[in-house]
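This report introduces selected features of the structure shown below. Please keep the sequence and the model in view while reading.

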Amino acid sequence: MNGDKHIYTARLPDEQGFITYPVEEHAIWQELITNQQAVLPGRACTEYLQGLEALQLPTTKIPQLADIDQVLLATTGWRTAQVPALISFGRFFELLANRSFPVATFIRRREDFDYIQEPDIFHEIAGHCPLLTHPAFATFNQTYGELGLKATKEERVFLARLYWFTIEFGLVGTSAENRRIYGGGILSSPAETIYALGGEPEYREFNIADVLRTPYRIDRIQPIYYVLDHIDSLFKIAKETDIMKEVHTAMEKGLFEPHPSLLNEKQ
């Protein structure tokens with residue numbers, strides 16, 4: 001959502017808001033969504049699959065944001081916001097606080113097919129937008145944006161871990177048998193969708209005090225996932241938890257030691 005340099009450039013809409021993509025980019029979307037739909041059953045959470053059904057994403061072309069907005073506005077009052085490849089943290093929080101989900105209008109190159117550090121339109125639309133039809137997911141995002149707007153630079157660093165281990169790389173389920181994915185960072189990566197439930201990562205029960213102190217890296221597959229009981233648990237985090245108090249406690253205590261895999265050079 002934020003950074004100093006990038007290799008992608010978003011495509012701009014015309015006066016009617018329509019974005020034109022080259023044929024090759026539509027082909028990449030088709031391959032991505034076809035691959036992903038093949039691995040979602042039994043892995044993605046039910047609420048995500050319901051949202052995916054509601055969105056009716058095209059499989060042969062990149063969707064227009066106006067089509068996504070129609071569904072989001074009708075379900076939770078959200079909409080998308082066309083943005084460049086990378087935006088500031090301030091702009092990111094402002095959009096979320098106003099129930100607008102930032103979508104960078106570019107799609108990954110084939111060499112970044114399985115995982116992309118910069119969130120592209122497939123990540124945002126196929127990874128996150130289905131769950132934005134769900135009230136708990138939508139409410140959590142709005143609350144997060146409101147908190148982030150008021151937070152200091154130091155507080156935002158810790159808040160980022162909350163977003164990372166929930167909205168981006170979160171799992172739900174009370175047992176290994178019913179464990180499912182809701183994080184968009186996983187659900188927009190066919191490779192990580194398979195890996196995340198394969199038993200190799202470490203699965204930890206969600207605890208906000210621990211989440212805020214857990215280091216991560218964006219340039220590799222995740223060694224640790226935090227697991228909520230249910231997607232509605234996001235309501236409790238957003239509305240019943242003093243998130244900033246937890247952030248301040250985490251800042252005082254400092255970070256846990258990084259997972260050993262995070263200390264290795266890029267694989």
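## Helix α6 and its surroundings

In this predicted model, the buried residues of helix α6 are Ala 136, Phe 137, Ala 138, Thr 139, Phe 140, Asn 141, Thr 143, Tyr 144, Gly 145 and Gly 148. Their cover includes the helices α4 (89-97), α5 (121-128), α7 (153-168) and α11 (233-240), together with strand β2 (100-104).

Helix α6 spans residues 135-150, a run of 16 residues. From its first C-alpha to its last it reaches 23 Å, which is close to the 22 Å expected at 1.5 Å a residue.

## Helix α5

Helix α5, which contributes to the cover of α6, is itself largely enclosed by the rest of the structure, because eight of its eight residues are buried. These are Ile 121, Phe 122, His 123, Glu 124, Ile 125, Ala 126, Gly 127 and His 128.

## The four-stranded sheet

An open sheet of mixed pairing is formed by four strands in the order β4-β3-β6-β5. The edges are held by β4 (180-181) and β5 (202-205), each with a single partner strand, so one side of each has no neighbour in the sheet.

Strand β5 runs parallel to β6 (residues 224-228), and four bridges join the two. Among the residues involved, Glu 205 has Val 227 in β6 as its bridge partner.

## Thr 214

Thr 214 lies in the loop between α10 (208-211) and β6. This residue is buried, with a relative accessible area of 2%.

The side chain of Thr 214 reaches the backbone oxygen of Asp 210 at 2.7 Å. Leaving aside residues up to four places away in sequence, Thr 214 touches Arg 161, Phe 165, Arg 204, Ile 224, Tyr 226 and Phe 256.

Definitions and conventions
Residues are numbered from 1 along each chain as its sequence is written. This is a predicted model: local features need pLDDT of at least 70, side-chain atom pairs count only at pLDDT 80 or more; totals for chains, interfaces and linings use all residues. Side-chain values use heavy atoms; hydrogens and water are left out. The expected span of a helix is 1.5 Å times one less than its number of residues. Buried means under 20% relative accessible area, exposed over 50%, partly exposed in between (1.4 Å probe, protein chains only). Contact means heavy atoms within 4.5 Å. Two strands pair if DSSP finds at least two bridges between them. A polar contact is a pair of N or O atoms within 3.5 Å; within protein, one must be able to donate a hydrogen and the other to accept it, and residues adjacent in sequence count only if both atoms are side-chain atoms.
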